[in-house]
Amino acid sequence: MLHSSGGNLFIATDQRKQVYTELSRNPRIEIAAYNPQARRWIRITGRAEPEHSLSIKAEMMGIYPSLKQKYQNEKEMFLTIFKLTVDKVSIF
């Protein structure tokens, strides 16, 4: 799940997922999305670093109810949030 707050981008993932392992080993990231109405692509490149802010975690859980539903009590320890440091944004 992708979230923007205070001019920063954040990604939430689970420590048991492959993407967590990949980002932990290699923090370089590229996100691409297509807008079919505009017929344009956006590509964001940068670095992902673990974010330990409880306020960001609470903010994301408020915006994405599925996060709050999935990560309750003992399962919450698996939720990890990465802060993205954006190097480049390209629109095609």
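Here is a short chat about the packing in this predicted model.

Biologist: Which residues make up the largest nonpolar core?
Modeller: Nine residues: F10, A12, I56, M60, M61, L67, Y71, L79 and I81.

Biologist: Which elements give two or more residues to this core?
Modeller: Strand β2 (8-14), helix α2 (54-63) and strand β5 (79-91).

Biologist: And where does the largest share come from?
Modeller: From α2, with three residues.

Biologist: What does L67 touch, leaving out residues up to four places away in sequence?
Modeller: M1, A12, M60, M61 and L79.

Biologist: How many residues are in the other core?
Modeller: Eight, and that core lies apart from the largest one. Among its members are I11, L23, A48 and F82.

Biologist: Back to α2. Is K57 buried or exposed?
Modeller: Buried. K57 has a relative accessible area of 18%, and the cut-off for buried is under 20%.

Biologist: What does K57 touch, again not counting residues up to four places away?
Modeller: E76, L79 and I81. Two of the residues it touches, L79 and I81, belong to the largest nonpolar core.

Biologist: New topic. Where is T45?
Modeller: In strand β4, which covers residues 40-51.

Biologist: Buried or exposed, that T45?
Modeller: T45 counts as buried because its relative accessibility is 17%, and buried means under 20%.

Biologist: Which residues is T45 in contact with, beyond its neighbours within four places in sequence?
Modeller: I29 and E30, plus T85, V86, D87 and K88.

Biologist: Which element holds T85, V86, D87 and K88?
Modeller: They fall in β5, which spans 79-91.

Conventions. Residues are numbered from 1 along each chain as its sequence is written. This is a predicted model: local features need pLDDT of at least 70, side-chain atom pairs count only at pLDDT 80 or more; totals for chains, interfaces and linings use all residues. Side-chain values use heavy atoms; hydrogens and water are left out. A nonpolar core is a set of buried Ala, Val, Leu, Ile, Met, Phe, Trp, Tyr and Cys residues joined through side-chain atoms within 4.5 Å. Buried means under 20% relative accessible area, exposed over 50%, partly exposed in between (1.4 Å probe, protein chains only). Helices (H or I, at least four residues) and strands (E, at least two) are DSSP runs, numbered from the N terminus. Contact means heavy atoms within 4.5 Å.
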